[in-house]
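Open the model in your viewer and keep the selection box handy. We will go from stop to stop, with something to select at each one.

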Amino acid sequence: MNAQRPHPTAKRPTRPIRTLHTATLGITRATVGTLVLTRAVDTLRITGVDRLTATRLAWVARLAGIRDLALGAGLLAAMTTGRDTTTWLWAGMIADAADVSVFATSTARGHLPPAIGTLMATAALGGVAAAAPLTRTGPGE
């Protein structure tokens, strides 16, 4: 009988909060993706890359922007059409976890300034942490 009850410390957002949380994640990811896609050189310059290198490598930043725009738009589309959002949430968390690894490694190797690399890795880790509670489902979800 107790096996059916969730653990008292388990946190699962209620439906209205879950909907708002999911929408916020989708909008944030799509917005970041759009900004990186449209301001690729500026995005790279923030990391300490000189203008010439940033201009030559802008296509790499645009790839990341397209990825985040697609993940955000996919999450929002699934949510607004009533489809399951779990796959989109997991895809975003996997992308963010990969970003944490890349930013941490690049910072450790001296390719990113410590403050910028730490900030970017922390932001990516925040993306994982923000989406994780939404991947847990329960009765009626």
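The tour below visits a pocket, a cavity, two nonpolar cores and one buried threonine.

**Before you start.** Please keep in mind that this is a predicted model.

**Stop 1: the largest pocket.** Select Val36, Thr43, Asp99, Phe103 and Met120, the lining residues that lie nearest the centre of the largest pocket. In total, 33 residues line this pocket, and its volume is about 1,200 Å³. Now colour by helix: α1, α2, α4, α5 and α6 are the elements that give two or more residues to the lining. If you colour by residue class instead, the pocket lining has 18 nonpolar, eight polar and seven charged residues.

**Stop 2: the cavity.** How many cavities of 30 Å³ or more does a search of the whole structure find? The search finds one, with about 80 Å³ of space in it. To get there, select Arg29, Leu75, Trp88, Leu89 and Gly92, which are the closest to the cavity centre among its 13 lining residues. Then show α1 (15-38), α4 (58-80), α5 (86-108) and α6 (114-131), each of which supplies at least two residues of the lining. Which helix gives the largest share? That is α5, with five residues. By class, the cavity lining has seven nonpolar, four polar and two charged residues.

**Stop 3: the largest nonpolar core.** In soluble globular proteins, nonpolar side chains tend to be buried together. For the largest such core here, select Val36, Ala40, Val41, Leu44, Ala54, Ala58 and Ala61, seven residues in all. Both α2 (40-46) and α4 supply at least two of them, and α2 gives the most, with three. Centre the view on Ala54 next: leaving aside residues up to four places away in sequence, Ala54 touches Val41, Leu44, Arg45 and Val49.

**Stop 4: a second core.** Select Leu25, Leu75, Leu89 and Met93, which are among the six residues of a second, separate core. You have already met Leu75 and Leu89 near the cavity centre.

**Stop 5: Thr135.** Finally, move to the segment after α6 and pick Thr135. Is Thr135 buried or exposed? Thr135 counts as buried because its relative accessibility is 16%, and the cut-off for buried is under 20%. Show its side chain and you will see it reach the backbone oxygen of Ala132 at 2.7 Å. Add Thr86, Leu89, Trp90 and Met93 to the selection: Thr135 touches these residues, not counting those up to four places away in sequence. Two of these names, Leu89 and Met93, also belong to the second core.

Technical notes:
Residues numbered from 1 in each chain as written. Predicted model: local features only at pLDDT ≥ 70, side-chain atom pairs only at ≥ 80, totals over all residues. Heavy atoms only, no water. 1 Å grid on protein atoms, 1.4 Å probe; cavity = no way out; pocket = protein on both sides within 12 Å on 5 of 7 lines; lining within 4 Å. Points joined across faces, edges and corners; volume = space filled by probe spheres on them. Helix = DSSP H or I, 4+ residues; strand = E, 2+ residues; numbered from the N terminus. Nonpolar A, V, L, I, M, F, W, Y, C, P; charged D, E, K, R; others polar. Core = buried A, V, L, I, M, F, W, Y, C linked by side-chain atoms within 4.5 Å. Buried < 20%, exposed > 50% of the residue type's maximum accessible area, 1.4 Å probe, protein only. Contact = heavy atoms within 4.5 Å. Polar contact = N/O pair within 3.5 Å; in protein donor to acceptor, adjacent residues only side chain to side chain.
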